[in-house]
Amino acid sequence: MVDKAETEWLDALIVGAGFNGVYQLHRLRQEGFKARIFDAGRELGGIWYWNCYPGARVDSHVPNYEFSIPEVWRDWTWSERFPSWQELRAYFRHVDRKLDISRDVRFNTRVTEARFDAEQDEWLIRAEDGYQVRARFFIPCLGFAAQAYVPDYPGLETFAGPCHHTARWPQHGVDLAGKRVGVIGTGASGVQVIQEAGRVASHTTVFQRTPMLALPMRQRRLDAAEQAKMKQEYPAIFDQRNHGPTSFYDLVPDPRSAMEVSEEERLAVFEDAWQKGGFHFWAGTFADVLYNEASNREAYRFWRYKTRARIKDPALAEKLAPTEPPHPFGAKRPSLEQWYYEVFNQHNTTLVDLREEPIEEITPRGVRTASALHELDVLVLATGFDAGTGGFTRMDVRGVDGRRLRDYWADGVRTHLGYGVPGFPNMLMLYGPQSPTAFCNGPTCAEVQGEWVVDCLRRLRSQGRTRIEATEEAANAWVKHMHDLEEMTLLSRADSWYMGANVPGKRRELLFHPGVRIYLDHCDTCAKNSYEGFRIG
Ligand code: NA7
């Protein structure tokens with residue numbers, strides 16, 4: 001144990017320098033707290049530091065995915081409606097220049113351990129390189145995709161060419177031009193890489209387990225004049241984004257059921273959303289698409305009709321857009337695509353259906369399935385994440401009496417409002433499990449959840465309190481609330497990462513709160529009632 005006197009002391013140690021960590025640091029410093037960020041990357045960006053694979057770009061359109069801080073947006077101009085990872089990194093550098101974030105960030109610092117010291121009401125937090133700090137509050141801002149998931153294929157390490165998970169892509173890049181590229185996985189990352197490979201690779205082999213019900217992105221260039229004009233509305237836009245029903249200022253679903261309107265009207269609403277692009281067709285048509293099976297089926301029928309029209313070979317069309325939906329539409333997050341389906345019309349693309357011929361092994365030359373060896377020069381693992389909880393359970397987090405977080409969650413995630421965990425006082429999670437996270441875009445969540453935490457710490461300080469801890473009763477109630485939501489929606493009907501169902505052996509449960517507005521109302525009520533459900537000491 002390092003002498004306490006030699007260890008840096010902070011009011012708050014934040015883990016993660018993505019949108020949530022950056023906002024939290026900025027606001028806590030403004031309120032006079034001594035705070036720092038530890039981040040494993042070499043620069044700001046969080047997910048946008050790690051996900052630098054070809055084609056990586058955000059699926060929330062401008063200006064939803066940015067801070068509402070005027071000094072930041074006033075002189076920042078985007079070049080595309082859905083910005084690329086390169087532009088998002090440039091945005092973070094701009095944020096850094098404006099808010100001077102990096103001076104309080106320790107980069108290349110992966111937190112491996114955090115222990116609560118009940119006598120002092122503070123956390124002792126240690127990084128992989130042995131560096132440690134003491135902090136009254138431990139604020140993990142890990143994002144939902146901090147822990148990549150790589151399937152345990154026999155022989156994976158023997159592959160002779162470059163082989164990378166999309167979220168561990170080399171910062172210097174990998175050239176796909178003229179190569180035989182194999183992509184395992186057809187989620188958001190897979191779709192993006194496949195599109196890029198389709199343009200430059202000599203051959204693209206797509207290993208698909210479940211077809212992605214991808215939506216048209218409708219990417220376009222943005223010009224500065226258009227944004228300058230729109231900026232006059234930004235305060236109102238950000239207000240609507242942070243307080244509206246979906247965390248997008250312009251995604252407001254029709255409150256009627258898709259089944260209570262005429263076919264003509266239903267198709268008109270679907271068509272309008274389809275033409276707008278992005279998530280409009282997912283979250284901006286009828287409010288009951290994710291609840292009501294009949295409405296959901298209508299959305300699927302529309303999606304399939306539109307998609308099949310783009311695929312020339314009928315057998316391929318059936319694999320990519322099957323007659324029977326693989327799961328309810330939208331119960332898995334839809335990827336946004338630009339020319340994904342056209343890639344399959346190229347003579348140099350092969351679709352391997354893993355339901356028919358599963359992967360048996362990876363060899364130095366490629367991927368062997370039950371029926372063939374698919375020879376490859378580059379292998380891309382677009383196989384997703386141990387979402388929501390993986391970043392937490394990877395660390396050795398110990399609360400009161402040495403209680404381990406990974407043991408405490410072994411039978412299911414337990415939190416109060418996604419912020420606090422019983423037995424882990426002064427640990428306040430942002431953008432973690434059991435809060436809206438994957439159903440709320442990152443910057444929005446960073447601000448609305450971030451303000452709740454800043455307010456909470458300010459109030460504790462003004463009352464001279466040093467400890468806040470979620471109660472077991474409150475966690476029981478929140479777990480029940482999450483289960484009720486799981487039952488109400490169609491989300492549990494897909495084997496998705498929302499449900500923890502993509503990682504073998506992981507407990508199946510709804511990991512994220514699908515109703516941002518309902519969630520925020522619960523948070524407001526809790527704060528108004530003197531942090532009901534938390535014990536303050
Ligand atoms: P996703 O959406 O979890 O996609 C992972 C893909 O990998 C998906 O198609 C999976 O098929 C496939 N997968 C996973 N394990 C295997 C195995 N063992 N064999 C074959 N195929 C497999 O991750 P992404 O990185 O694309 O996107 C994550 C989110 O990050 C995204 O929604 C954005 O919000 C940002 P499956 O569907 O499970 O059958």
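User: What percentage of the 537 residues in the chain is buried?
Analyst: This is a predicted model, in which local features need pLDDT of at least 70, side-chain atom pairs count only at pLDDT 80 or more, and totals for chains, interfaces and linings use all residues. Residues are numbered from 1 along each chain as its sequence is written, and side-chain values use heavy atoms, with hydrogens and water left out. A residue is buried under 20% relative accessible area, exposed over 50% and partly exposed in between, with a 1.4 Å probe and protein chains only. Of the 537 residues in the chain, the buried share is 61%.

User: How many helices and strands does the chain have, and why is the chain called as compact as a globular protein of its length?
Analyst: Helices (H or I, at least four residues) and strands (E, at least two) are DSSP runs, numbered from the N terminus; the chain has 17 helices and 19 strands. The globule rule is 2.2 Å times the number of residues to the power 0.38, and the radius of gyration is taken over C-alpha atoms. For 537 residues the rule gives 24 Å, so the chain is as compact as a globular protein of that length, its radius of gyration being close to that value at 23 Å.

User: Which helix gives the most residues to the largest nonpolar core?
Analyst: A nonpolar core is a set of buried Ala, Val, Leu, Ile, Met, Phe, Trp, Tyr and Cys residues joined through side-chain atoms within 4.5 Å. The largest one has 157 residues, of which Ile-139, Phe-281, Tyr-419 and Trp-452 touch the most other members. With 9 residues, the helix that gives the most to this core is α15 (residues 442-462).

User: Which residues of helix α15 or elsewhere is Tyr-419 in contact with, beyond four places in sequence?
Analyst: Contact means heavy atoms within 4.5 Å. Once neighbours within four places in sequence are left aside, the contacts of Tyr-419 are Met-427, Leu-428, Met-429, Leu-430, Gln-449, Trp-452, Val-453, Tyr-519, Cys-523 and Phe-534.

User: How far apart do the C-alpha centres of domain 1 and domain 2 lie?
Analyst: Domain bounds come from an automatic or database domain assignment, which gives domain 1 (4-147 + 387-536) and domain 2 (149-210 + 340-381). Contacts link 16 residues of domain 1 with 13 residues of domain 2. The distance between their C-alpha centres is 32 Å.

User: Is strand β8 largely enclosed or open, and which residue of β9 is the bridge partner of Arg-180?
Analyst: In strand β8 (residues 180-184), 4 of the 5 residues are buried, so the strand is largely enclosed by the rest of the structure. Two strands pair if DSSP finds at least two bridges between them; β8 and strand β9 (residues 203-208) run parallel and are joined by 5 bridges. The partner of Arg-180 in β9 is His-203.

User: Which residue of β14 is the bridge partner of Glu-361?
Analyst: Strands β13 (residues 359-363) and β14 (residues 366-369) are antiparallel and pair over 4 bridges. A hairpin of 2 residues connects β13 to β14. Across this pair, Glu-361 has as its partner Arg-368.

User: Where is Ala-287 placed, and what is its C-alpha distance to Ser-257?
Analyst: Ala-287 is in the loop between α9 (280-283) and α10 (293-308), and it counts as partly exposed at 35% relative accessibility. Not counting residues up to four places away in sequence, Ala-287 touches Pro-253, Asp-254, Pro-255 and Arg-256. Ser-257 is 30 residues apart from Ala-287 in sequence, while their C-alpha distance is 6.5 Å.
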